[in-house]
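Biologist: I'm just starting out with protein structures, and I'd love a close look at one single part of this one. Could you walk me through a helix and its surroundings?

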Amino acid sequence: MKLDVNVLRYLSKDDFRVLTAVEMGMRNHEIVPCELVDRIAGLKHGGTYKVLKNLLKYKLLHHDRSKYDGFRLTYLGYDFLAIKTLVNRGVFTGVGRQIGVGKESDIFEVAQDDGTILAMKLHRLGRTSFRAVKSKRDYLRHRSSFSWLYLSRLAALKEFAFMKALEEHDFPVPKAIDCNRHCVIMSLVQGYPMVQVKQLQNPETVFEKIIGIVVRLAEHGLIHCDFNEFNIMIDDEEKITMIDFPQMVSVSHQNAQMYFDRDIECIFKFFRKRFNMSFQEDRDDETEVEVDENSRPSFYDIIKDANALDRELEASGFTKKEQNDLDKFIEGGLEKSTDSDEDEEFDDEEQAFGSNEEGNLSEMKSLQLQEKEQKRSDEVEAEVDLDDNEK
Ligand code: ADP
Ligand code: MG
């Protein structure tokens, strides 16, 4: 999906008022009835219907007449609300080119007035959501599902909270700048994802640094859960930055060891394949060992003295309830939550989310990666200054 931020220039205060009214209505309506939009927006001189038509033209809303006449936000509509809010807060003034496309996120450069470039990650949970996998959808048909608005907002909130906490504990992560709705603003990492790197000056050093991060994370009570060559950035000085945190779990998670071992295994595998590194465990001949690793880091040895950064994070504004909701989506826990929450009222089959059950996590990843490669060649160039929007 293209983010044509030029449209922002043409949107008036009333347009945003109505767009916000639809967003508010979506807290308890999957399709918001026109009258409700009108009532919430409360435009002084009326005209809600004309505005709705305009928003529809720009694909910020979706019109649905199947049960009654109503509207819901599209991702683009949600993007605009977040971007507008952040621009109003003075976080950035312009949106630039797209620098990353994931299955569940889009990443753009954004610019501040002084020319500083930041990264904007728009979370898109449920965008593709296994719609192609019919059995999954059948499986989920009678389960509760969350709206993509809610889940994407949680993913952003979690990513922001984790990025901040990790930075405070000196982990090499982007600097967390701000967060609104499904959107996270962070510093732009120089360099490239490891997956694009064909050669390293010091593969052993880089390998040890990376394994060191996984170990130190566990010592702090956390597991990345998607720690691979796509989520590790490296610059020309071979400095490492880790990105992409919405799926992180605590070491007290029931599958913690499995996730930890999988993160470690990903790194071993990548370095073995890409940089021809050999490990002691691969060989009988000990003289050929290039990396002094007797065996893989042992999960239980590490977490014995784990610091409770995971507990610290619970106090960061990302509530247990939100964590659980997001986990359900990310890990495919299918139990219905016992708590009540207004956001949970969505049960739109069209927006129902598939889940990546345990065994399908890697399947999902490879799907995601294929898609990424495809879309990377199709970058969006949308240099625009949002400064004069609203004028
Ligand atoms: P996803 O959850 O979709 O995998 P990521 O956070 O991994 O999203 O980002 C996808 C891609 O966007 C990354 O592989 C990287 O190339 C780019 N990217 C993400 N964050 C940044 C950043 N802060 N600076 C530079 N590039 C980034
Ligand atoms: Mg990623």
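Modeller: Happy to; here is a walk from the whole chain to one helix, with a short stop at a residue in one of its neighbours. Keep in mind that this model is predicted. The protein chain holds 13 helices and 14 strands, and 39% of its 391 residues count as buried. Looking at contacts with a separation of 6 or more, 68% join residues 24 or more positions apart.

Now to our helix, α2, which covers residues 13–25. From its first C-alpha to its last, α2 reaches 18 Å with its 13 residues, close to the 18 Å expected at 1.5 Å a residue. Which residues of α2 are buried? They are F16, V18, L19, A21, V22 and G25. You can look for their cover in several elements: among those over the buried residues of α2 are the helices α3 (34–41), α4 (48–57) and α5 (75–88). The strands β1 (32–33), β2 (61–64) and β3 (70–73) also belong to that cover.

Let's pause at α4, since one of its residues makes a nice contrast. K53 has its place in helix α4, and K53 counts as exposed because it has 11 C-beta neighbours inside 10 Å, where exposed means 12 or fewer. To get a feeling for distance, try finding A218 as well: K53 and A218 lie 52 Å apart in space, C-alpha to C-alpha, and 165 residues apart in sequence.

Key
Residues are numbered from 1 along each chain as its sequence is written. Chains are lettered from A and ligands numbered from 1 in the order in which they are written. This is a predicted model: local features need pLDDT of at least 70, side-chain atom pairs count only at pLDDT 80 or more; totals for chains, interfaces and linings use all residues. Helices (H or I, at least four residues) and strands (E, at least two) are DSSP runs, numbered from the N terminus. A residue is buried if 20 or more other C-beta atoms lie within 10 Å of its own, exposed if 12 or fewer, and partly exposed in between; C-beta atoms are placed from the backbone. Two residues are in contact if their C-beta atoms, placed from the backbone, lie within 7 Å. The expected span of a helix is 1.5 Å times one less than its number of residues.
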